[in-house]
Amino acid sequence: QVQLVESGGGLVQPGGSLRLSCAASGSIFSIYAMGWYRQAPGKQRELVAGITSGGGTNYVDSVKGRFTISRDNAKNTVYLQMNSLKPEDTAVYYCNADILTTKWRDGYWGKGTLVTVSS
């Protein structure tokens, strides 16, 4: 069994910052790529940022220069530092990870954490 648990969401004013965390636990042998997705009301889920096991990163254009993804491999944790937040960043943010367990390799999702940007 593998679990991904997100934390750090909440209500923030425009221009503010939040830091999301996602910790993976369970029968993990290795974690490959990790990423953050978001889904706003009435919209499809989109990839916000991804990070490889080697630290390579990619971002959706709308968050470049404002968001930073990082990971701590020793803690099986991925982070998303979000600065200069805008109302359009409001969404449920989901963590995703490509994980090799003692049995198989698969993609896993967290349950999501809500980020609301509003004055």
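Is Ser84 buried, partly exposed or exposed? At 41% relative accessibility, Ser84 counts as partly exposed, where buried means under 20% relative accessible area, exposed over 50%, and partly exposed in between, using a 1.4 Å probe and protein chains only.

This is a predicted model, in which local features need pLDDT of at least 70 and side-chain atom pairs count only at pLDDT 80 or more, while totals for chains, interfaces and linings use all residues. Residues are numbered from 1 along each chain as its sequence is written, and side-chain values use heavy atoms, with hydrogens and water left out.

## Backbone at Ser84 and Asn76

Ser84 is found in the loop between β8 and β9; strands here are DSSP runs of E with at least two residues, helices are runs of H or I with at least four residues, and both are numbered from the N terminus. The phi angle of Ser84 is near 50°, a positive value in a residue other than glycine. Asn76, which is found in the loop between β7 and β8, likewise has a positive phi near 50°, and Asn76 is partly exposed with a relative accessible area of 24%. Most residues other than glycine have a negative phi.

## The disulfide and the first strand

A search of the whole structure finds 1 disulfide, a term that requires a pair of cysteine sulfur atoms within 2.5 Å. The bond is formed by Cys22 and Cys95, whose sulfur atoms are 2.1 Å apart. Because Cys22 lies in strand β3 (residues 18–26) and Cys95 in strand β9 (residues 91–101), the pair ties together parts that are 73 residues apart in sequence. The link of Cys22 and Cys95 is left-handed, with -80° about the S-S bond, and both Cys22 and Cys95 are buried.

Strand β3 also takes part in pairing with β1: the two run antiparallel and are joined by 6 bridges, where two strands pair if DSSP finds at least two bridges between them. Within this pairing, Val5 has Ala23 of β3 as its bridge partner. Along β1 (residues 2–7) the side chains alternate, so that Val2, Leu4 and Glu6 point to one face and are buried, whereas Gln3, Val5 and Ser7 point to the other and are not. In a regular strand the side chains alternate between the two faces of the sheet.

## The nonpolar core

The largest nonpolar core has 30 residues, and among these Trp36, Leu80, Met82, Tyr93 and Ile99 touch the most other members; such a core is a set of buried Ala, Val, Leu, Ile, Met, Phe, Trp, Tyr and Cys residues joined through side-chain atoms within 4.5 Å. At least two residues of this core come from each of β1, β3, β4 (28–39), β5 (46–51), β7, β8, β9 and β11 (113–117), and β9 gives the most, with 5 residues.

## Charged side chains

The count comes to 5 salt bridges, a salt bridge being a side-chain nitrogen of Lys or Arg within 4 Å of a carboxyl oxygen of Asp or Glu. Three of them are set out below.

| Basic residue | Acidic residue | N to O distance |
|---|---|---|
| Arg38 | Glu46 | 2.7 Å |
| Arg66 | Asp89 | 2.8 Å |
| Arg105 | Asp98 | 2.7 Å |Arg66 lies in the loop between β6 (57–59) and β7 (67–72) and Asp89 in the loop between β8 (77–82) and β9, so the pair ties together parts that are 23 residues apart in sequence. Arg66 counts as buried at 10% relative accessibility, and Asp89 is buried with a relative accessible area of 1%. Salt bridges that share partners join Arg38, Glu46, Arg66 and Asp89 into one network. Arg38 is buried, with a relative accessible area of 7%, whereas Glu46 is partly exposed at 30%. Arg105, the partner of Asp98, counts as partly exposed at 48% relative accessibility.

Arginines also sit over aromatic rings, a contact that requires NZ of Lys or CZ of Arg within 6 Å of the ring centre and within 35 degrees of the ring normal. The charged end of Arg19 sits over the ring of Tyr79, 4.1 Å from its centre, and that of Arg45 over the ring of Trp109, 4.7 Å from its centre. Arg45 lies in the loop between β4 and β5 and counts as partly exposed at 35% relative accessibility. The C-alpha atoms of Arg45 and Tyr94 are separated by 9.0 Å, although these residues are 49 residues apart along the chain.
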